[in-house]
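This briefing is addressed to a reader who has the sequence and coordinates at hand. It is arranged by topic and is meant to be read alongside the structure.

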Amino acid sequence: MKQYLVKPGSKINLSKIDPNDTGDFKGGKEKGLLEVEKLNAKLEELQELLFAEGKHKILIVLQAMDTGGKDGVIRRVFDGVNPQGVRVAAFKVPTEEELAHDYLWRVHKVVPGKGEIVIFNRSHYEDVLVVRVHNIVPRATWKQRYEQINAFERHLAETGTTILKFYLHIDRDEQKERLQARLDDPAKHWKFRLGDLEERKLWPDYMKAYEDALSKTSTEHAPWYIVPANRKWYRDLVISTVLVDTLKKLDMKYPAPEDDLTNVVIE
Ligand code: AMP
Ligand code: MG
């Protein structure tokens, strides 16, 4: 999955990255789904261990254009993991109270504690994406934020947080299909806002903002992965694989019992 990792400082051109890519994976959707299931079982075990050990903190950042699949990843990749120890934090348009503070205030409050996995559905990156595209703050202000974000994430990493960031890469045609599917399904209307169509018109601006963010904020301590996401099964496969590999590398152990249990007999 190294191929999807953004090398720190490298220039990104998203139009050159194929959202339909399925890498070296042979076998297509059917085999892919089976693989995701297997990884999901591994993830359940590793999360149990993470929670029991109570040492590491895991932060997963999900960013994507509308319909990019953030909700789908949360549903499928984390299917069945013990909700005790896994939390989703979704970032919407900031409230008045949030706007009265610096933009990282609402983020820092919800980062993972020891033994916890926290998934960010959108994140502080909105503050260099939607905020930049819509000129919500002056250019000079958002320009400073890449460095501020890197410093913030370095701080989290140095204090024991493992950070993984995924940009779910779909193309504009795929978004059209997915928006149409939402429109055709009354059960999905709640997700559809007319404003989403206005955002869609700004696609090129968003791509530029994403390219900059990915290039400027992929670091050793908080890497970005650009995940080909037109095919949902492959998107889930990439994220599950990175996650399982990362958790395995933490070399976690169940804590020793507080008491010597060797001669215990239960009557
Ligand atoms: P959704 O994730 O579809 O529920 O939409 C949440 C909306 O909140 C999106 O349109 C985001 O762009 C927007 N949003 C999230 N964070 C910010 C922010 N810091 N400033 C402005 N809009 C934001
Ligand atoms: Mg939405």
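The points below cover the nonpolar core, strand β3, helix α2, the aromatic pairs, the salt bridges and a surface patch. The structure is a predicted model. Its largest nonpolar core holds 74 residues, and a search of the whole structure finds 15 salt bridges and eight aromatic pairs.

**Nonpolar core**

- Within the largest nonpolar core, the residues that touch the most other members are Ile 60, Phe 78, Phe 120, Phe 166 and Tyr 167.
- Helix α10, spanning residues 232-249, supplies the largest share of this core, with nine residues.
- In soluble globular proteins, nonpolar side chains tend to be buried together.
- Phe 120 shows what such a core member touches: with residues up to four places away in sequence left out, its contacts are Leu 59, Ile 60, Val 61, Leu 62, Ala 89, Phe 91, Val 107, Val 110 and Val 111.

**Strand β3 and Val 118**

- Val 118 belongs to strand β3.
- With a relative accessible area of 0%, Val 118 counts as buried, because the cut-off for that class is under 20%.
- Beyond residues up to four places away in sequence, Val 118 touches Ile 58, Leu 59, Ile 60, Arg 87, Ala 89, Val 110, Val 111 and Pro 112.
- Val 118 and Tyr 206 are 88 residues apart along the chain, and their C-alpha atoms are separated by 25 Å.

**Helix α2 and its packing**

- Helix α2 covers residues 70-77, and its buried residues are Lys 70, Gly 72, Val 73, Ile 74 and Val 77.
- An α-helix has 3.6 residues a turn, so residues three or four places apart point the same way.
- The buried residues of α2 pack against two helices, α1 and α10, and against the strands β1 (57-64), β2 (86-90), β3 (117-121) and β4 (161-169).

**Helix α9 and Ser 215**

- Ser 215 lies in helix α9, which runs over residues 203-217.
- The relative accessible area of Ser 215 is 8%, so this residue is buried.
- Apart from neighbours within four places in sequence, Ser 215 is in contact with Gly 9, Ser 10, Lys 11 and Ile 12.

**Aromatic pairs**

- Phe 25 and Trp 233 form a tilted aromatic pair, with 5.6 Å centre to centre and 55° between the planes.
- This pair links distant parts of the chain: Phe 25 is in the segment before α1 (28-53) and Trp 233 is in helix α10, 208 residues apart.
- The two partners fall into separate accessibility classes, since Phe 25 is partly exposed at 24% and Trp 233 is buried at 9%.
- The rings of Trp 233 and Tyr 234 have centres 5.7 Å apart and planes at 75°, so this pair is edge-to-face.
- Tyr 234 is buried, with 2% relative accessibility.
- Ring pairs join Tyr 4, Phe 25, Trp 233 and Tyr 234 into a cluster.

**Salt bridges**

- Side chains of opposite charge can pair when their charged atoms come close.
- Asp 236 and Arg 76 meet through their side chains in a salt bridge, at 4.0 Å from N to O.
- Because Asp 236 is in helix α10 and Arg 76 is in helix α2, this pair ties together parts that are 160 residues apart in sequence.
- Asp 236 is buried at 3% relative accessible area, whereas Arg 76 is partly exposed at 36%.
- Asp 236 also forms a salt bridge with Arg 235, in which the closest N and O atoms are 2.9 Å apart.
- Both Asp 236 and Arg 235 are buried.
- Salt bridges thus link Arg 76, Arg 235 and Asp 236 in a network.
- Elsewhere, the side chains of Arg 122 and Glu 126 meet in a salt bridge, at 3.1 Å from N to O.
- Arg 122 is partly exposed, with a relative accessible area of 24%, and Glu 126 is buried, with 12%.

**Surface patch**

- Leu 261, Val 264 and Ile 266 form a nonpolar patch on the surface, and together they have about 340 Å² of accessible area.
- Of these residues, Val 264 is found in the segment after α10.

Definitions and conventions:
Residues are numbered from 1 along each chain as its sequence is written. Chains are lettered from A and ligands numbered from 1 in the order in which they are written. This is a predicted model: local features need pLDDT of at least 70, side-chain atom pairs count only at pLDDT 80 or more; totals for chains, interfaces and linings use all residues. Side-chain values use heavy atoms; hydrogens and water are left out. A nonpolar core is a set of buried Ala, Val, Leu, Ile, Met, Phe, Trp, Tyr and Cys residues joined through side-chain atoms within 4.5 Å. Buried means under 20% relative accessible area, exposed over 50%, partly exposed in between (1.4 Å probe, protein chains only). Helices (H or I, at least four residues) and strands (E, at least two) are DSSP runs, numbered from the N terminus. Contact means heavy atoms within 4.5 Å. Patches are made of residues with over 30% relative accessible area and no salt bridge: like charges are joined within 9 Å, nonpolar side chains (Val, Leu, Ile, Met, Phe, Trp, Tyr) within 5 Å. Accessible areas come from the Shrake-Rupley method with a 1.4 Å probe; for residues, only the protein chains shown count as cover. Rings of Phe, Tyr and Trp (its six-membered ring) pair if their centres lie within 6.5 Å; planes under 30 degrees apart count as stacked, over 60 as edge-to-face and the rest as tilted.
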